[in-house]
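Work through the exercises below with the sequence and the structure open side by side. Try each task before reading its solution.

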Amino acid sequence: MKEIVILSGKGGTGKTSVAASLAILAGPDAVIADCDVDAANMHLLLRPDFKESSDFYGGTLAVINSDECTSCGLCLEKCRFGAITISRQLYSVNSFECEGCGYCSIICPVTAIDMVPRKTGKLYISKTRAGNQMVHATMEAGAENSGKLVTKVKQEAKLIAGENALPYIIVDGSPGLGCPVVASLSGADMVVLVTEPSVSALHDLRRVSRVIENFRIKTVGIINKSDINDGKVSEIRKFFEKEGIREIASIPYSSEVAMVMARGLTMSESGEEQKKVTEEIWMKIKNELTLIETDK
Amino acid sequence: MRLPELNMTKNKTVKIAVASGKGGTGKTFLAVNLASLLSETSPVLLADLDVEEPNSALFIDGTEGQVYEKYRLIPQWDEKRCVICDICSRSCNYHAVVRLGDVIAVFDKLCHSCHACSELCPYDALPMIRHKIGEVRQIYSGRLTLAEGRLNTGEEQSVPLIDQLHKMVGCEIEPAPVQIFDCPPGTSCPVVAAVKKTDYAILVTEPTPFGLNDLSIAAETVKQLGIPAGVVINRYGIGDNAVEDWCNNEGVEVLARIPYDREIAVMTSEGLLAYNHVEYLRPLLKDIFEIVTKRIDSL
């Protein structure tokens, strides 16, 4: 089983468009993991059936029992997150601020504070319209710990791929380089970087590449909207070359893609030309994966 | 054309967050163009809180001010003092402090700096020490001050840096009457940290199913924080009308529609401020600011 993670650093470069196209092309061979749990979008194109769902509890939340609380103020003094609030002598916890460390609950002299499991999202295991099995999630607004939920989505996807002896897991990652990105990288076999020719995308690409370096994962690159800025395209190519990142495709901007997406379809379904581009990408990814195998 | 003096709100500072849910919809584009335009008539602070991938500075030419190194505190095991009582590892909810035989291991990345292990240790064997997480730098360009937070690559938690940058405004960072906060994408804890101290959130979206889906989650997040919000539809004309319909149904104000314009895309890809070149952007940005200040005033 090979795990392919689609990343970019900058948001909106086309990660999900590429990942969903690959999912359509791979069909039942690939398990899909939408690890951009903050802003999950794969379901809009792959239209999974949301067949199985379960609540996800990521961490805990402090709750003050006002009957037992003596308003001594120790929790307020010790909380580093400013999560304890008082209104009319009554102490309570601001759930947006509480990071679930449990310190207050340990030190409360009258044990008036309980740590309760905190529902931070919902996990789904579905079948997509392309016959993939798909693991995806929704997060409660403003929730903590999206990294934990990402890890859970990946674990489930691996389990399914293992049980069914499926060769691929396609992981749609999140923008940035913080905990959800690190969680999506751990254990991956290949990273596909989707970038675009702009100062911002190039800046973010450089930073996320440094994070990927630590994981020593084979990385290939796609330049999306490649006709927007030729100068930046050559800067990206120089960077790819320096980093040993093989460019597997460049895709010109197409106003059609947005229209096709609005109809819930992927790039691979938006006409012959786009179809050919995405097929070639999928073929090259599969080839690169075989190369990793022979390197070993 | 010279802009008329902006109608400043009753001597009060206005703090505007620019957020989105989905990445790449144009948060930074809007934040830098709006901040720069407004700085023609008033001191403006632009704070880049997208500390994982800060991009605002790519658009602002100016002189570099002081750079502040930023730290958070994490425990460091003092072997000599420790008696392996195990209170620390039992008090850590993040498994960041773990007893491995007669060794206490600290995993920096998992630590949330709650101080429980350190303060509960009866032998002072886990003093909190500084751990560098990133930097805040300032760039001055006319009446615009850019304060950029930049997380070190390899650091996973952006919230402590976002919180610290917020706290610097009014201390190390001059608090201008207009403050614009360029926020991280997503809808989880970094966004909450970035948006929570602001008066109003401009949610930038695009008219696609992705834009709408993420807009609806972001709108819910700011609503729960009690922050009023309006929507800017960027790349108007691509995709469909679903975002517009959603805003109508939910009673969320559409502040502006910025057409998909290849010239804007090209300017922005070069790191240029598009409002200097694309004529209709000036009045459009000014309108956004006027509506937002009106909404803040009416609170």
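**Exercise 1. Overall build of chain B**

Task: State how many helices and strands chain B has, then describe its dimensions, burial and contacts.

Solution. The model is a predicted one. Start with secondary structure: chain B holds 9 helices and 11 strands. Next, take the extent along the principal axes, where the C-alpha atoms of chain B fill a box of roughly 70 × 40 × 40 Å. Then turn to burial: of the 299 residues in chain B, 51% are buried. Finally, take the contacts in chain B with a separation of 6 or more; 75% of these are between residues 24 or more positions apart.

**Exercise 2. Domains in the two chains**

Task: Give the domain bounds in chain B and in chain A, and find how far apart the domain centres lie in each chain.

Solution. Begin with chain B, for which the domain assignment gives domain 1 as 14-70 + 134-297 and domain 2 as 77-126. The C-alpha centres of these two domains of chain B are 40 Å apart. In chain A, the assignment gives domain 1 as 2-47 + 128-295 and domain 2 as 59-119. Here the C-alpha centres of domain 1 and domain 2 of chain A lie 41 Å apart.

The last step is the contact between the domains of chain A. It involves 4 residues of domain 1 and 4 residues of domain 2. On the domain 1 side, the residues that touch domain 2 comprise no nonpolar, 2 polar and 2 charged ones.

**Exercise 3. The contact between the chains**

Task: How many residues does each chain bring to the contact, and which helix of chain A gives the most?

Solution. Count both sides: chain A brings 51 residues and chain B brings 49 residues. On the chain A side, the helices that each supply at least two residues are α4 (103-107), α6 (179-185), α7 (199-213) and α9 (255-262). Of the chain A elements, α7(A) gives the most, with 7 residues. Sorted by class, the side of chain A that touches chain B has 21 nonpolar, 21 polar and 9 charged residues.

**Exercise 4. Helix α5 of chain A**

Task: Compare the span of α5(A) with the expected one, and decide whether K148(A) is buried or exposed.

Solution. Helix α5 of chain A covers residues 146-163, which is 18 residues. From its first C-alpha to its last it reaches 26 Å, close to the 26 Å expected at 1.5 Å a residue. Burial comes next: 13 of the 18 residues of α5(A) are buried, so the helix is largely enclosed by the rest of the structure.

K148(A) lies in this helix. It has 20 C-beta neighbours inside 10 Å and therefore counts as buried. The C-alpha atoms of K148(A) and C101(A) are separated by 15 Å, although the two residues are 47 residues apart along the chain. After the helix comes A165(A), whose phi is positive, near 50 degrees.

**Exercise 5. The nonpolar cores**

Task: Which residues touch the most other members of the largest nonpolar core?

Solution. The largest core has 151 residues, and the ones that touch the most other members are A23(A), I170(A), V18(B) and I202(B). Take A23(A) as an example. Leaving out residues up to four places away in sequence, A23(A) touches A30(A), I32(A), L46(A), T128(A), A130(A), N132(A) and I170(A). A second, separate core has 29 residues, among them C75(A), A83(A), A96(B) and C121(B).

**Exercise 6. A loop and a hairpin in chain B**

Task: Classify I84(B) and D86(B) by exposure, then describe how β4(B) and β5(B) pair.

Solution. I84(B) sits in the loop between β3 (63-75) and α2 (87-91) of chain B, and D86(B) is in the loop between β3 and α2 of chain B too. I84(B) has 14 C-beta neighbours inside 10 Å and so counts as partly exposed. D86(B) has 12 such neighbours inside 10 Å and so counts as exposed. Neither is a glycine, yet phi is positive in each: near 55 degrees for I84(B) and about 75 degrees for D86(B).

Now the strands. β4 (residues 97-100) and β5 (residues 103-106) of chain B run antiparallel and are joined by 4 bridges. One of the pairs is R99(B) with I104(B) in β5(B). The two strands form a hairpin with 2 residues between them, and in the turn G101(B) has a positive phi of about 65 degrees.

How values were computed: Residues are numbered from 1 along each chain as its sequence is written. Chains are lettered from A and ligands numbered from 1 in the order in which they are written. This is a predicted model: local features need pLDDT of at least 70, side-chain atom pairs count only at pLDDT 80 or more; totals for chains, interfaces and linings use all residues. Two residues are in contact if their C-beta atoms, placed from the backbone, lie within 7 Å. Ala, Val, Leu, Ile, Met, Phe, Trp, Tyr, Cys and Pro count as nonpolar, Asp, Glu, Lys and Arg as charged, and the others, Gly among them, as polar. The expected span of a helix is 1.5 Å times one less than its number of residues. Domain bounds come from an automatic or database domain assignment. A nonpolar core is a set of buried Ala, Val, Leu, Ile, Met, Phe, Trp, Tyr and Cys residues joined through C-beta atoms within 7 Å. Two strands pair if DSSP finds at least two bridges between them.
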